[in-house]
Amino acid sequence: MGAAGSSALRSLGLPAPRLPAPSRPAWLGAAALGLAAVALGTVAWRRARSRRRRRLQQVGTVAQLWIYPVKSCKGVPVSAAECTALGLRCGHLRDRFWLVIKEDGHMVTARQEPRLVLVSITCEGDRLILRAPGMGQLALPSKLPFSNKLRDCRLFGMDIEGRDCGDQAAQWFTSFLKTEAFRLVQFEKHMKGRPSREIFSTSVPNYQVAYPDCCPIMILSEASLADLNTRLEKKVKMDQFRPNIVVTGCDAFEEDTWDELRIGNVEMKKVLSCPRCILTTVDPDTGVIDRKEPLETLKSYRLCDPSEKAVYKSSPLFGIYYSVEKIGSLKVGDPVYRLVQ
């Protein structure tokens, strides 16, 4: 049996058959190979059978789907979407495939420039149209010419590429934000994303992301938002938390317990809870950062278990991050199923 076959058996916890001694009949070697094939087939069958045994337990229904083409800018509600390994897609709209950067390549988000949340995006034909208060519209081609410069960008201390969207886009964001010079870049699907195992220090599924903070999908329930609003003097809206999938028909924070999900023909696996920061204190209607609420209220009752403090530190948890285990499509109104053994 070859080294690759022996290695495969060892990885499955099975002993590799010994190679026959030269003096033994040739049929013993063939028998060993046959037994190995049977063993591999048996394990594969058992794994497939185990996978088939999982039940679908409906835990809710998709109420909203959101794509945020430009990181920290307004989201675009859609009625249906493809779910790719890199996140939601609807036509030319891709989730967080565009990023505002400084001249030196460092990312810019609403944490530093809260008025970014006032930039709206629509898709007209093969162009993205950006609008903002006091600005003329900016038209961006969905596919940039290869002659546009590739820029080295920096997100949360990690390197990633982006193709420069040109001087007109740079001037538009610079004029709107009025603090320093900015540029806009676009991620392209042939580029290397940021690997999950370099983003996290803990063990997580293996995937890549473009410009999202850390995961391709974030899910939040309407009930969790309603629970938060019972504790706030000034109510907040769902778009303050920027989920991709909003679920209705479940209890508050029930999403904390959903490890694996199927929506449409898409399967997802929980990576971790979403630790919240001062971005949640930016008013999506005014672009003003409060730096207090709803973050302070969330901290009063949504901190992690002490055993997880090394992961989440003092950030309150609100929403769940998922990786995409099986790509496909989903739509508003789809049942949300939890996969259970």
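These legends go with a set of close-up views of a predicted model.

**View 1. The largest pocket and the residues around it.** Start with the biggest opening: the largest pocket has a volume of about 890 Å³. Its lining is made of 37 residues, and the ones closest to the centre are Arg 111, Asp 213, Cys 214, Pro 275 and Tyr 321. Several pieces of the fold chip in here. Strand 16 (217–221), strand 19 (266–275) and helix 7 (309–312) each give the lining at least two residues. What mix of residue classes makes up the lining of the largest pocket? Count 21 nonpolar, seven polar and nine charged residues.

**View 2. The second largest pocket.** Now for the runner-up: the second largest pocket holds about 340 Å³ of space. Of its 15 lining residues, Arg 94, Ser 142, Lys 143, Gln 186 and Lys 189 sit closest to the centre. The classes in this lining come out as five nonpolar, five polar and five charged.

**View 3. An open sheet of four strands.** Follow the strands across and you get the order 5-4-3-21, with antiparallel pairing. Strand 5 (93–94) and strand 21 (328–331) are the edge strands, and each has a single partner, so one side of each has no neighbour in the sheet. Look inside the sheet for strand 3 (residues 80–84), which is joined to strand 21 by four bridges, the two running antiparallel. Want one pair to find? Ala 81 has Leu 330 in strand 21 as its bridge partner.

**View 4. An open sheet of five strands.** This sheet runs in the order 7-6-13-12-11, again with antiparallel pairing. Which strands stand at the edges? They are strand 7 (107–108) and strand 11 (150–155); each pairs with a single strand, so one side of each is left without a neighbour in the sheet. Further in, strand 12 (residues 158–164) and strand 13 (residues 182–186) pair antiparallel over two bridges. Here you can spot Asp 164 standing opposite Val 185 in strand 13.

**View 5. Strand 11 and its hairpin with strand 12.** Zoom in on strand 11, where the side chains take turns. Arg 151, Cys 153 and Leu 155 point to one face and are buried, while Leu 150, Asp 152 and Arg 154 point to the other face and are not buried. Strand 11 is joined to strand 12 by six bridges, and the two run antiparallel. One pair to look for is Leu 155 with its bridge partner Met 158 in strand 12. The two strands form a hairpin with two residues between them, and in the turn Phe 156 has a positive phi of about 50 degrees.

**View 6. Cysteines without disulfides.** How many disulfides does the structure hold? The count is zero. Cys 215 is in no disulfide: the nearest cysteine sulfur belongs to Cys 214 and is 3.9 Å away. Cys 215 counts as buried because its relative accessibility is 4%, which is under the 20% cut-off. Cys 165 is buried too, with a relative accessible area of 10%.

**View 7. Ser 224 and its contact with Phe 253.** Last stop: Ser 224, which you'll find in helix 5 (residues 222–229). Is Ser 224 buried or exposed? Its relative accessible area is 0%, so Ser 224 is buried. A polar atom of the Ser 224 side chain lies 2.8 Å from the backbone nitrogen of Phe 253.

Terms used: Residues are numbered from 1 along each chain as its sequence is written. This is a predicted model: local features need pLDDT of at least 70, side-chain atom pairs count only at pLDDT 80 or more; totals for chains, interfaces and linings use all residues. Side-chain values use heavy atoms; hydrogens and water are left out. On a 1 Å grid over the protein atoms alone, a cavity is a set of points where a 1.4 Å probe fits but cannot get out, and a pocket is an open set with protein on both sides within 12 Å along at least five of seven lines; lining residues have an atom within 4 Å of a point. Grid points are joined across faces, edges and corners, and a volume is the space filled by probe spheres set on the points. Ala, Val, Leu, Ile, Met, Phe, Trp, Tyr, Cys and Pro count as nonpolar, Asp, Glu, Lys and Arg as charged, and the others, Gly among them, as polar. Two strands pair if DSSP finds at least two bridges between them. A disulfide is a pair of cysteine sulfur atoms within 2.5 Å. Buried means under 20% relative accessible area, exposed over 50%, partly exposed in between (1.4 Å probe, protein chains only). A polar contact is a pair of N or O atoms within 3.5 Å; within protein, one must be able to donate a hydrogen and the other to accept it, and residues adjacent in sequence count only if both atoms are side-chain atoms.
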